[in-house]
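Here's a quick tour of the structure shown below. Have a look at it first, then we'll go through the strands, the overall build and the chain contact.

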Amino acid sequence: MNEVDKSLLSKISGLEAVPPGAYNLRVNGSSAGRADSENVSIRPKDDGTGLDIHVRPGTRDKLHIPVIVSQAGLVDVVQNDFFIGEGADVSIVAGCGIHNDSHAQMRHDGLHIFHIDRNARVFYEEKHYGEGLGSGENVLNPVTDIFMEAGAYMEMETVQIEGVDSTRRITRAVLGEGATLIVREKLMTHDSQTAETAFEVDLNGDDSSANVISRSVAKDRSSQIFLSRINGNSRCMGHSECDAIIMDNASVKAIPEITANHGEASLIHEAAIGKIAGEQLIKLMTLGLSQEEAESQIVNGFLK
Amino acid sequence: MLELKNICFEVRDDSGAAAKDILRDVSLTVDEKCFVVITGPNGGGKSTLAKLIMGIERPTQGQILFEGRDITGLSITERAQLGLGFAFQQPVRFKGLTVQDLLSLAAGRALDVNSVCGYLSEVGLCAKDYVEREVNGSLSGGELKRIEIAMQIARSPKLSIFDEPEAGIDLWSFQNLIRVFEKMRETIKGPVIIISHQERILEIADRIIVIADGRVKAEGAKNDVLPQLLVDSGACDFYKGLRI
C-alpha cells in the first residue's frame with residue numbers, strides 16, 4: 001500500500017496497520033492481505049467474485065473487511081457472504097475509500113449478504129469516504145442483504161459524510177421470530193452530489209423488531225432520497241425515522257412506507273426535513289461562535 | 001459597565017409601518033458587580049430589553065454602551081466575545097450535541113468529564129447521568145434550564161443576563177435555582193441581570209428595575225423598590241411565585 005491507500009484505510013476503518021484477528025484488505029480489486037482467526041475463516045469464492053466469511057457458532061470476535069480504490073478508472077464489484085454461526089457475537093468493520101485524481105469515474109459496488117443464525121449478534125460498521133483532485137466521479141453503491149434467524153440481533157452503523165459524488169445504497173432485511181435489527185445511517189452530501197438510500201425490511205417472525213434511523217445533511221446543490229419500507233407480516237414492532245437538515249439549494253425527499261399485513265403489527269414512521277433552527281445558531285453565537293462556526297458545530301453534532 | 005441610552009424598539013407590520021412600540025425611551029445603567037433584577041408584567045418589554053443588550057434584537061433608536069464602548073451595531077458574536085453572556089428563557093435543544101459538547105463550547109475549551117461534572121453539580125444535576133446526554137427533547141424543562149445556567153457558569157462572562165430562569169421549571173428545581181443565584185450573588189465577579197417575576201429572586205437583588213408598558217416604571221435599590229412592588233401587586237400574588 002502506498003501513502004494514499006494507508007490514509008484512506010485510516011479514514012474508513014481507523015486502522016494504521018494490519019489489524020489483529022481476521023481481516024481481508026481489498027485494494028484496487030484484489031486482496032492485499034488476509035488472515036483468519038481461530039474462529040473466523042475468510043475464503044475467496046471459487047469464481048473469484050468475492051469472499052465467503054464463516055464465523056463459528058458461539059464465538060466472540062472482531063473482523064475487518066475494508067476496501068480501497070485508488071486506481072484510475074477502476075470499477076470494482078464484489079460480493080461477500082457472511083455466515084454467522086448460532087450464538088456468535090461479532091463486530092465487523094467494513095467500508096470503502098476512494099481516491100480519484102483522474103477524470104474517469106471510479107466505482108465500488110459492494111454486495112454484502114449476512115446469514116445470521118439463531119441468537120447470533122452482529123455489530124456492523126461501514127464508513128464510506130471519497131477524495132481526490134480529479135474531475136472523475138467517486139461512486140459507491142453498497143447493497144446489504146440480511147437474513148436473520150430466530151433471536152438474531154444486528155446493529156448496523158453506516159457513515160458517509162464526504163467526497164462521494166453518487167451513491168445508491170440498498171439495505172434489505174428479513175427477520176425471523178424474535179430477531180432485532182437496528183440501523184443507524186449518517187449521511188452528508190455537498191456540491192452536486194446525489195445519494196439514494198433505500199431500506200426494505202420484512203418483519204416475518206413474531207416479536208421481531210426493526211428500528212431504522214437516518215440522519216442526513218444536504219448542502220449546496222446536492223440531492224438525497226430516503227426510502228424506508230417496512231412490512232409487518234407478524235406480531236412485530238417497526239420504526240423508521242428520517243431526520244434531515246437541508247441547506248443552501250439542496251433537495252431532500254423522504255418516502256416512508258409502512259405496511260401492516262398482520263393484526264398485531266405495530267409500525268411507526270417519522271420524517272422531518274428542515275433548515276438549521278435560527279435559535280440554535282443564535283444560542284451558539286451567544287457563546288462567541290461565528291454563524292459559520294455555529295453551523296459547523298450543529299452539523300457535526302447532528303452527524304456524530 | 002453597561003449603559004442603555006434612550007432605547008426604543010418598535011415592531012412593524014407587513015407593510016413596514018410601525019405597528020407597536022415595545023420599548024419607549026428606556027435609559028438605565030448597570031454598575032460593576034451589581035446584581036440587577038428586571039421585573040414587571042408580561043408583555044412589558046423585559047425579554048426584549050435583554051435581547052437588545054445581547055444583540056439578538058436591534059433597537060429602533062438609542063445606544064448601548066458596554067465598558068464605555070458603543071456596542072449598538074455589534075453582532076451577537078462580537079458582543080459575546082466582548083464578554084456578554086445570555087441564558088435563554090426557553091433553552092434551545094440540539095440533536096447530537098451533548099451536555100459535555102455545549103459546556104465545552106461555553107467554556108471556550110474542551111472540558112474533561114471532571115470539569116463538566118463540577119459545573120453540573122453547581123446546578124444540582126447528578127453529573128454522571130448527564131455528561132454524555134444529548135441536549136434534546138429527552139431532557140425535561142427543568143434539566144434543560146439548569147444546563148443552560150451551567151453553561152453561563154462555565155462561560156463566566158463579564159456580564160451575565162438570565163431571561164426568566166424560573167420559567168418552566170418545577171418547584172423542586174426552583175429551590176435549587178434560588179441557591180444557584182444566591183451563590184452567584186456571593187461570588188459575583190461582574191454584573192448579573194436577571195429577568196424574573198419571582199419574589200425569592202427579587203430578594204437577592206441589589207437593584208430592581210420595573211419595566212411596564214415599554215418604560216422604566218421604577219428603579220432603585222431593592223429595599224426601596226421591592227416593598228412598594230409587593231403592595232402594588234399583592235392581591236394577584238404575581239410576585240409570590242404562583243406563576244411558576
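Which residue is the bridge partner of A:Leu203 in strand 17 of chain A? In this predicted model, that partner is A:Gly232.

That pair belongs to a bigger run of strand pairing. Strand 15 of chain A has a partner in strand 17 of chain A, and these two run parallel. Strand 15 of chain A also pairs with strand 13 of chain A, again in the parallel sense. Along that second pairing, A:Ser166 sits opposite A:Thr194, which is in strand 15 of chain A. Here are the two pairings:

| Strand pair (chain A) | Residues | Sense | Bridges |
|---|---|---|---|
| Strand 13 and strand 15 | 166-175 and 194-203 | parallel | ten |
| Strand 15 and strand 17 | 194-203 and 223-232 | parallel | ten |

Stepping back, chain A has 20 strands and three helices. Its radius of gyration is 20 Å, close to the 19 Å that the globule rule gives for 304 residues, so chain A is as compact as a globular protein of that length. Taken along the principal axes, the C-alpha atoms of chain A fill a box of roughly 55 × 55 × 35 Å. Buried residues account for 44% of the 304 in chain A. If you take contacts in chain A between residues at least 6 apart in sequence, 80% of them join residues at least 24 apart.

Now for the contact between the chains. Chain A puts in 18 residues and chain B 19 residues. On the side of chain A that touches chain B, helix 2 (278-285) and helix 3 (291-302) of chain A each supply at least two residues. Helix 2 of chain A gives the most, with six residues. By class, that side of chain A has eight nonpolar, six polar and four charged residues.

Definitions and conventions
Residues numbered from 1 in each chain as written. Chains lettered and ligands numbered in written order. Predicted model: local features only at pLDDT ≥ 70, side-chain atom pairs only at ≥ 80, totals over all residues. Pairing = 2+ DSSP bridges. Helix = DSSP H or I, 4+ residues; strand = E, 2+ residues; numbered from the N terminus. Contact = placed C-beta atoms within 7 Å. Nonpolar A, V, L, I, M, F, W, Y, C, P; charged D, E, K, R; others polar. Rg over C-alpha atoms; globule rule 2.2 N^0.38 Å. Buried ≥ 20, exposed ≤ 12 C-beta atoms within 10 Å, placed from the backbone.
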